[in-house]
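Work through the exercises below with the sequence and the coordinates open. Each task is followed by a solution in steps.

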Amino acid sequence: MSNNKNALITGVTGQDGAYLSKLLLEKGYSVHGVLARRSTDTLWRLRELGIENEVKLVDGDLTDLSSLIRAMEISKADEVYNLGAQSFVGTSWQQPILTAQVDGVGVINVLEAVRIVNPKAHFYQASTSEMFGLIQADMQDETTPFYPRSPYGVAKLMGHWATVNYRESFGLHASSGILFNHESPLRGIEFVTRKVTDAVARIKLGRQKELRLGNIDSKRDWGFAGDYVEAMWLMTQQPEADDYVVATGLTTTVRDMVEIAFGHVGLNTGDHLVIDPQFFRPAEVDVLLGNPAKAIARLGWKPRTSLQQLITMMVDADLRRLQG
Ligand code: NAP
Ligand code: G4F
């Protein structure tokens with residue numbers, strides 16, 4: 001049933017865009033999504049969730065202010081979720097300028113579109129734990145200083161501060177979610193969890209022999225994307241906009257995550273894992289561990305999916321996909 005609210009999502013074809021669209025549709029929103037022009041089909045995630053025909057798509061790009069103004073006008077958005085980004089850290093060293101334009105300047109473009117068309121709209125910015133980079137505290141929260149370690153982290157920091165600045169300068173209801181890594185069966189294949197679960201499924205089915213990875217000593221605070229989009233929505237419902245860390249409070253090495261995946265299908269990691277220097281990065285974020293206490297206390301949010309549940313869910317989904 002309709003709740004008479006309109007949402008606009010950039011990055012609607014991405015992992016989080018798909019889960020957030022589903023959540024908002026279930027809550028009765030009319031959902032518009034900004035669709036960046038591509039020559040290939042990018043709607044597979046919306047299709048997998050069965051909502052391809054329910055999300056209304058508007059052509060646009062984060063680097064094109066006029067298209068964002070048009071999207072604001074067409075959607076009549078009460079809530080705007082800026083999830084669009086060049087989101088792969090590895091690529092940001094190959095395309096640092098594009099990453100800055102989309103992930104940094106692009107945020108200002110969306111904020112300007114909101115300010116011009118409907119300054120009363122509530123705005124959510126997809127900030128990231130990558131901004132902590134070379135960590136300045138063992139457990140990172142909203143007060144931890146930032147030290148980004150990639151062009152992606154640098155660009156995202158610009159978007160984060162732009163969000164804070166538009167809140168303080170223009171009184172926009174602009175919140176920034178500092179989300180730690182979150183994954184799902186809809187995760188892009190280039191990210192390490194999905195690369196692992198897809199490879200484990202292929203190896204199990206006899207279609208691949210090895211899994212080649214880079215640094216398996218790094219540690220991440222991994223949660224489930226389906227849980228994390230709820231935190232995004234909760235932020236836009238608050239009377240005052242603010243910034244929140246969203247994390248599980250647990251950290252695990254890539255190595256141990258890989259063990260969970262192989263162990264789930266009864267295979268031995270050592271028989272298949274190959275360390276390949278091409279997957280090491282020019283600078284690494286060695287460890288991330290978030291403290292979600294503020295989100296738990298003020299939003300009433302909490303993570304509900306363990307890493308074990310998450311990785312086994314992803315391996316099972318990849319097995320199903322590969323078996324047709
Ligand atoms: P994702 O799957 O890579 O999705 C990114 C989305 O952005 C896609 O829909 C993509 O469109 C779109 N996009 C890329 N360039 C664009 C442009 N120039 N104009 C308009 N749209 C563009 O990322 P995700 O995992 O869902 O993450 C969502 C957001 O959260 C991103 O901003 C990411 O940086 C941030 N974040 C993610 C995590 C995480 O662990 N997943 C953690 C913290 C923050 P196409 O499909 O057409 O390429
Ligand atoms: O899965 P990843 O590529 O994610 P990363 O770099 O942590 O970034 C993700 O999380 C951020 C939040 O902290 C988001 F903002 C960002 O958009 C993205 O969603 O890599 C995780 C770790 C890294 O330490 C990487 O060096 O896995 C290590 N790794 C080792 N071998 C690998 C590989 N990563 C990838 N992608 N591929 C490998 O072969």
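Helices here are DSSP runs of H or I with at least four residues, numbered from the N terminus. The model is predicted.

**Exercise 1. Check the length of helix 6 and describe its surroundings.**

Solution.

Step 1. Helix 6 covers residues 151–170. The expected span is 1.5 Å times one less than the number of residues. For the 20 residues of helix 6 this gives 28 Å, and the end C-alpha atoms are 28 Å apart, so the two values agree.

Step 2. Look at what follows the helix. Glycine 171 comes just after helix 6 and takes a positive phi of about 70°.

Step 3. List the buried residues, using under 20% relative accessible area as the cut-off. In helix 6 they include Tyr152, Gly153, Ala155, Lys156, Leu157 and Gly159. Further along helix 6, His160, Ala162, Thr163, Val164, Tyr166 and Arg167 are also buried.

Step 4. Find the packing partners. The buried residues of helix 6 pack against helix 4 (89–94) and helix 5 (96–117), and also against strand 5, strand 6 (173–179) and strand 11 (243–246).

**Exercise 2. Describe the shell around ligand 1 and its polar contacts.**

Solution.

Step 1. Ligand 1 is surrounded by 25 residues, with Thr13, Asp16, Ser87, Tyr152 and Lys156 the closest.

Step 2. Sort the shell by class: 9 residues are nonpolar, 11 are polar and 5 are charged.

Step 3. Assign the shell to secondary structure. Helix 1 (15–26), strand 5 (122–128) and helix 6 each give at least two residues. Strand 5 supplies the largest share, 3 residues.

Step 4. Take the polar contacts in turn. The side chain of tyrosine 152 places an N or O atom 2.6 Å from an oxygen atom of ligand 1. For arginine 38, a polar side-chain atom lies 3.1 Å from an oxygen atom of the ligand. In the case of arginine 187, a side-chain N or O atom is 3.2 Å from a nitrogen atom of ligand 1.

Step 5. Consider the covered area. On its own, ligand 1 has 900 Å² of accessible area, and the protein covers 89% of this.

**Exercise 3. Repeat the analysis for ligand 2.**

Solution.

Step 1. There are 23 residues around ligand 2, and Thr128, Ser129, Tyr152, Arg281 and Glu284 come nearest.

Step 2. By class, the shell of ligand 2 holds 9 nonpolar, 7 polar and 7 charged residues.

Step 3. Two polar contacts use the protein backbone. A backbone N or O atom of serine 87 is 2.6 Å from an oxygen atom of ligand 2, and one of glutamate 190 is 2.9 Å from a nitrogen atom of the ligand. Arginine 281 uses its side chain, where an N or O atom lies 2.6 Å from an oxygen atom of ligand 2.

Step 4. Alone, ligand 2 exposes 720 Å², of which the protein buries 96%.

**Exercise 4. Is serine 129 buried or exposed, and which residues does serine 129 touch?**

Solution.

Step 1. Serine 129 sits in the loop between strand 5 and helix 6.

Step 2. Its relative accessible area is 2%, so serine 129 is buried.

Step 3. Not counting residues up to four places away in sequence, serine 129 touches Ile178, Leu179, Phe180, Asn181 and Leu288.

**Exercise 5. Place threonine 144 and work out its contacts.**

Solution.

Step 1. Threonine 144 lies in the loop between strand 5 and helix 6. Threonine 144 counts as buried because its relative accessibility is 6%.

Step 2. A polar atom of the threonine 144 side chain is 2.9 Å from the backbone nitrogen of aspartate 141.

Step 3. Leaving aside neighbours within four places in sequence, threonine 144 is in contact with Phe132, Gln136, Ala137 and Met139. Phenylalanine 132 is 12 residues away along the chain, and the two C-alpha atoms are separated by 7.6 Å.

**Exercise 6. Locate serine 67 and describe the buried side of its helix.**

Solution.

Step 1. Serine 67 belongs to helix 3 (residues 65–75). With 3% relative accessibility, serine 67 counts as buried.

Step 2. The serine 67 side chain reaches the backbone oxygen of aspartate 64 at 2.7 Å.

Step 3. The buried residues of helix 3 are Ser67, Leu68, Ile69, Ala71, Met72 and Ser75. Their packing partners include strand 1 (6–10), strand 2 (30–35) and helix 5.

Step 4. After helix 3 comes lysine 76, with a positive phi near 50°.

Key: Residues numbered from 1 in each chain as written. Chains lettered and ligands numbered in written order. Predicted model: local features only at pLDDT ≥ 70, side-chain atom pairs only at ≥ 80, totals over all residues. Heavy atoms only, no water. Near = heavy atom within 4 Å. Polar contact = N/O pair within 3.5 Å; in protein donor to acceptor, adjacent residues only side chain to side chain. Areas by Shrake-Rupley, 256 points an atom, 1.4 Å probe, with all protein chains shown as cover. Nonpolar A, V, L, I, M, F, W, Y, C, P; charged D, E, K, R; others polar. Buried < 20%, exposed > 50% of the residue type's maximum accessible area, 1.4 Å probe, protein only. Contact = heavy atoms within 4.5 Å.
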